[in-house]
Amino acid sequence: MLKKDNLKKDKYEAAKAAAGILSGNRSITDMEKDTQKEPGANARVNRFVLVIVTVIDLFLFFGYIGDYKQGNIGFGFMMAVNVFVIVSMAACFLTYFRKKDSAAFAYVSVAGYMIVYGMAVFGAQNDLVFIMVFPLTVLFILYYNFRLIVGIAVIFGGINIIDIIYITAVLGHMHSGVALNSTSLLLQGASIVVYMLVLCGTTYISNDNNAKKLASIHAEKEKSTELLDEVLKVAASVKQNCTSAAEHIQTLSQYVDSTASELSGIAEGNSSNADSIEQQTVMTGNIQNMIQATKQMSDEMLAMAKSSEKAVRDGKQTVDHLQIQAVQTKETNEQVVSAVASLISNAETVEEITEHIFSISSQTNLLALNASIESARAGDAGKGFAVVSEEIRTLADETRSLTERIRKIVEELKSNADIAKTTVNQVITASSTEHELITNASTQFHEIGSRMDGLHTNVQAIYKKIEEILESNHAIVDSIHHISAVSEEVTASTQQAADLGTDTSHKAEQARDLMMGLLETVKAIDKYL
């Protein structure tokens, strides 16, 4: 956490420095301080300056010893210079090894060299000693410290100007003992002044150029950092949206599978309805045959029934009961017609839902195509999104194919329901005929009420046939109940399919919103392209 805070602080300071340089609010001196803060910069310069100072001091040390042996200088002057050389070297080494990147090293080395240089200039017997200022002072440009260079120029230039005044006003001759030479003095003064001006100007221009370059580097660094942050945010958002889209698409696939399963249940229920209707048709035929047999036996009873009043009354009651059952059968058949009509209506509702699902899959396919086009426009940044849009389009095609299959099944269901409706109408017609026949039989029973005494045996047989009719009628009722239960299951399945279709539509809308959000997020990096 500390490193991260320091990094943010450095980025802030760099941006602030760059803004200051570009707006003109920061000075070259401030930029010099920033340059000196670079890790290892002072250490490298200090090491290089220490080597050069050491070489120059060694040359001075042994050079003055040689001049003393040749008798050019006195022992005292030689010892004074060499002592200051040794002290200067010791101070430089001590400062350097105490802290190799110390900013004070430059001032220590300059101060020591100034003393040695001043002693050499004023005490030497050589007119060219002043050129010792050139090799060392130029090294201090590496510190990018304009104030230090100005100080060096002022002090070393002052030493030489004082030396020229000293030669002219005090000595009256050159250090070498020759007469005054104005050309040599002018050369010394002019070369020193020009050198110091060039040294200051070079340092100033170099620092200014470095400041501008450093400001440009900081500005580019800040821009790169902002770009990186923006790209990271976009990448995180793309990842999150892609994850959510994948989850919704997976849920949508599960819903589609559930829809297919429910529609399969509808198909199975329709098949069961067909079987039940077929059984009802067979039973209706049996009832018709039984009614014919009953009519024949009734014709035989016309000749035999004279004294069976009690049996006629029983038969009349039985016929009345049969008439009631026929009415109930008619009502039940009408309920069957209503249930079959409801089944057809539900099938039409399923067909409408299927058309709606088909429309949704077409819109999903179109949205996936648009998403592919937008991802292609986005270039490399949209490659991952192009894969997702292709998968969505594949799922939409599969949904469309399954919807077409569902539509075919629903059409078959409607066709079978129409056949069932026709069959049930036939059953109603037959039941009406049965009702009319039973009514006629009841009328005939009223007419032969005094003539049915000897038909007990035939009445028993008729009673058995009626029981068979009742059993068949019960079977019809059971079949109708089965049809009703299946119809309820079909209705429930259809309702569940409708609910799943609604959920599928909502999930598809959510997936579309996520995709649109993903596109808007990807557009955020267009300004950097």
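## Surface, helices and cores of a predicted model

The chain exposes an accessible surface of about 29,200 Å², and carbon and sulfur atoms account for 58% of that area. Keep in mind as you look around that this is a predicted model. Of the chain's 529 residues, 38% are buried.

The secondary structure is quick to describe: there are 11 helices and zero strands. Following the sequence, you will read the pattern α-α-α-α-α-α-α-α-α-α-α. Contacts across the sequence are worth a look too. Taking the contacts between residues at least 6 apart in sequence, 84% link residues at least 24 apart.

Now for the interior. The largest nonpolar core holds 45 residues, and the members that touch the most others are Tyr117, Phe140 and Phe156. The table lists the elements that each give two or more residues to this core.

| Element | Residue range |
|---|---|
| α3 | residues 41-70 |
| α4 | residues 75-98 |
| α5 | residues 104-123 |
| α6 | residues 133-137 |
| α7 | residues 146-171 |
| α8 | residues 182-304 |

Among these elements, α5 supplies the largest share of the core, with 10 residues.

Phe140 makes a good place to zoom in. Setting aside neighbours within four places in sequence, Phe140 is in contact with Val49, Ala106, Ser109, Val110, Leu148, Ile149 and Ile152.

There is also a second core, separate from the one just described and made up of nine residues. Its members include Val336, Ala420, Val424 and Ile428.

How values were computed. Residues are numbered from 1 along each chain as its sequence is written. This is a predicted model: local features need pLDDT of at least 70, side-chain atom pairs count only at pLDDT 80 or more; totals for chains, interfaces and linings use all residues. Side-chain values use heavy atoms; hydrogens and water are left out. A nonpolar core is a set of buried Ala, Val, Leu, Ile, Met, Phe, Trp, Tyr and Cys residues joined through side-chain atoms within 4.5 Å. Buried means under 20% relative accessible area, exposed over 50%, partly exposed in between (1.4 Å probe, protein chains only). Helices (H or I, at least four residues) and strands (E, at least two) are DSSP runs, numbered from the N terminus. Contact means heavy atoms within 4.5 Å. Accessible areas come from the Shrake-Rupley method with a 1.4 Å probe; for residues, only the protein chains shown count as cover.
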